[in-house]
Amino acid sequence: MADVIDDKIKNYRTAPFDARFPNTNQTRNCFQNYLDFHRCNKVLSGKGQDSSPCEWYQRVYKSLCPMSWVSLFYQKHL
């Protein structure tokens, strides 16, 4: 069962619907997933665990956010 879910997560190309952000403007959804990605990395790496589950948030924010924002996010963390 877990293998099937993992396969589905890996095959997602765009972000699924999130009921917290029902409007057309997805700016907040983009930024929330960006924050969730970094929080997830911080928590899991602080516990010494694998941070691969956090990649989901990264794929979602890369899908939702404009490419200019994504490039700024990367410049900020270098």
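A nonpolar core is a set of buried Ala, Val, Leu, Ile, Met, Phe, Trp, Tyr and Cys residues joined through side-chain atoms within 4.5 Å. In this predicted model, the largest such core has 10 residues: C30, Y34, F37, C40, L44, C54, Y61, C65, V70 and F73. Two elements give two or more residues to this core, namely α2 (27-46) and α4 (67-76). Helix α2 has the largest share, with five residues.

Next come the aromatic rings. A pair of aromatic rings is described by the distance of the centres and the angle of the planes. Searching the whole structure turns up three aromatic pairs. In one of them, F37 meets Y61 with 5.9 Å from centre to centre and 55° between the planes, so the pair counts as tilted, given that stacked means under 30 degrees and edge-to-face over 60. This pair ties together distant parts of the chain: F37 sits in helix α2, Y61 sits in helix α3 (residues 55-64), and 24 residues separate them.

Both partners are tucked away from the surface. F37 has a relative accessible area of 9%, so it is buried, and Y61 is buried too, with a value of 2%; the cut-off for buried is under 20%. F37 and Y61 also belong to the core described above. On top of that, they join F31 and Y34 in one aromatic cluster.

Y61 has another residue to be compared with, this time from a loop. T14 lies in the loop between α1 (2-11) and α2. Along the sequence, T14 and Y61 are 47 residues apart, but in space their C-alpha atoms are 9.4 Å apart. As for accessibility, T14 has a relative accessible area of 57% and is therefore exposed, whereas Y61 is buried.

That leaves the charged side chains. Side chains of opposite charge can pair when their charged atoms come close. The structure holds one salt bridge, and R39 forms it with D36, with 3.7 Å between the closest N and O atoms. The two residues are about one helical turn from each other, because R39 and D36 are three residues apart in helix α2. Their surroundings can be told apart by accessible area: R39 is partly exposed at 48%, while D36 is buried at 15%.

Helix α2 thus turns up in several places: it gives five residues to the core, carries F37 of the tilted pair and holds both R39 and D36.

Definitions and conventions. Residues numbered from 1 in each chain as written. Predicted model: local features only at pLDDT ≥ 70, side-chain atom pairs only at ≥ 80, totals over all residues. Heavy atoms only, no water. Buried < 20%, exposed > 50% of the residue type's maximum accessible area, 1.4 Å probe, protein only. Helix = DSSP H or I, 4+ residues; strand = E, 2+ residues; numbered from the N terminus. Phe/Tyr/Trp six-rings, centres within 6.5 Å; stacked < 30°, edge-to-face > 60°. Salt bridge = Lys/Arg side-chain N within 4 Å of Asp/Glu carboxyl O.
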